[in-house]
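The following paragraphs go through the structure displayed here, beginning with helix packing and ending with single residues.

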Amino acid sequence: MSDYLLNSLESYFGEEAGRRLADLLARTGITCFDHLADGVPEGLLELAEVDESSFNEFLDEYGPQAIVRLKEELSILGSRVRELETQLKWVRDRIVMDVGSRTTRRTNLRRELSAVIGMLDALARSIRLCCDPHERIDADRTSTYEGLIDRAISRLGSLAEYSSEMEPIIRGLKRTRSILRKEPVAEDLYLLISYSISALSDVMKLIEGGTREEEALLWENILLKSELVSVLCKMRDD
């Protein structure tokens with residue numbers, strides 16, 4: 001008897017019953033599944049203590065028709081696997097594109113923030129080098145400083161994706177610009193610009209990511225420094 005038929009009988013009916021049935025089949029010349037195509041001799045199943053419905057179920061599960069069905073199922077499964085592979089490739093490509101896009105946006109954001117910080121830092125150094133700390137900013141310098149602050153506000157305003165982070169800083173810079181018309185004391189203006197630079201530096205750290213606690217602390221610092229700018233400007237207005 002073929003190993004496949006013997007193993008199938010033992011697997012389905014149990015080792016003892018399967019071997020008993022295999023022995024009876026072999027005695028009638030049935031040694032492989034092909035020989036079962038015409039059925040089994042009458043009385044053989046009863047002699048093997050196997051009911052006919054169980055034997056038919058065995059043929060459905062292990063016989064040639066089962067192999068055909070298995071091939072069909074494998075073909076369907078293969079087709080489904082190919083579909084899933086196509087979907088996975090699409091998802092993977094989208095993830096790669098999204099990561100690349102986010103990286104590009106982050107790079108552009110860092111570049112813009114660095115540019116604005118550089119502009120404001122140049123303004124702060126100008127105040128330190130060219131103005132007496134306790135004297136008021138003269139009208140000529142006021143016009144130059146207003147232009148620099150306007151450019152900084154414009155560049156920050158273009159970063160719409162990060163509008164929530166930029167809004168309090170922009171608000172503080174606008175308040176700073178408004179008091180320039182009143183020719184503030186140089187030290188006061190330097191302090192206001194320094195707070196805005198520090199807040200923007202915190203935004204740079206925020207976009208790099210970190211733990212939730214670190215990001216929450218940075219966000220609190222941004223809001224606090226921006227609020228300090230607004231409060232100090234209000235005090236100068238009054």
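H1 passes H4 in a right-handed crossing. The model is a predicted one. The axes of H1 and helix H4, the latter covering residues 52–62, come within 11 Å of each other and cross at roughly 125°. The two helices are therefore oblique to each other, since an angle counts as roughly perpendicular only from 65 to 115 degrees and as roughly antiparallel only over 145. On the H1 side, the residues that meet H4 are Tyr4, Leu5, Ser8, Leu9, Ser11, Tyr12 and Phe13. On the H4 side they are Ser54, Phe55, Glu57, Phe58, Glu61 and Tyr62. By class, this contact holds eight nonpolar, three polar and two charged residues.

H1 also packs against H2. Helix H1 spans residues 3–13 and helix H2 spans residues 15–27. Their axes lie 7 Å apart, at an angle of about 140°. H1 and H2 are therefore oblique as well, because the antiparallel class takes in angles over 145 degrees. The crossing of this pair is right-handed. H1 contributes Leu6, Leu9, Glu10 and Phe13 to the contact. H2 contributes Glu15, Ala17, Gly18, Arg19, Leu21, Ala22 and Leu25. Sorted by class, the residues of the H1 and H2 contact are seven nonpolar, one polar and three charged. Leu9 and Phe13 of H1 are listed in the contact with H2 and also in the contact with H4.

One of the charged residues in H1 can be followed further. Is Glu10 buried or exposed? Glu10 has its place in helix H1 and has a relative accessible area of 17%, so it counts as buried, the cut-off being under 20%. Apart from neighbours within four places in sequence, Glu10 is in contact with Glu15, Gly18 and Arg19. These three residues are among those of H2 that meet H1.

The wider setting of these helices is as follows. The protein has nine helices and zero strands, and from the N terminus on its elements run α-α-α-α-α-α-α-α-α. Of the 238 residues, 34% are buried. The accessible surface comes to about 14700 Å², and 52% of this surface belongs to carbon and sulfur atoms. Among contacts between residues at least 6 apart in sequence, 70% join residues at least 24 apart.

Ser226 gives an example from another part of the chain. Ser226 lies in helix H9, residues 212–237, and is buried, with a relative accessible area of 5%. Which residues does Ser226 contact, leaving aside its neighbours within four places in sequence? They are Pro168, Ile169 and Ala199. Between the C-alpha atoms of Ser226 and Gly172 the separation is 5.6 Å, although their positions lie 54 residues apart along the chain when counted as a sequence distance. Pro168 and Ile169 belong to the stretch of helix H7 (163–180), and Ala199 to that of helix H8 (186–208).

The loop between helix H7 and helix H8 holds a backbone feature at Glu183. Most residues other than glycine have a negative phi. Glu183 has a positive phi of about 50°, although it is not a glycine. With a relative accessibility of 31%, Glu183 counts as partly exposed, whereas Ser226 is buried.

How values were computed
Residues numbered from 1 in each chain as written. Predicted model: local features only at pLDDT ≥ 70, side-chain atom pairs only at ≥ 80, totals over all residues. Heavy atoms only, no water. Axes fitted to C-alpha atoms, helices over the stretch in contact; angles between N-to-C directions. Helix = DSSP H or I, 4+ residues; strand = E, 2+ residues; numbered from the N terminus. Parallel < 35°, antiparallel > 145°, perpendicular 65-115°, else oblique. Left-handed = near helix turned anticlockwise from the far one by under 90°. Contact = heavy atoms within 4.5 Å. Nonpolar A, V, L, I, M, F, W, Y, C, P; charged D, E, K, R; others polar. Buried < 20%, exposed > 50% of the residue type's maximum accessible area, 1.4 Å probe, protein only. Areas by Shrake-Rupley, 256 points an atom, 1.4 Å probe, with all protein chains shown as cover.
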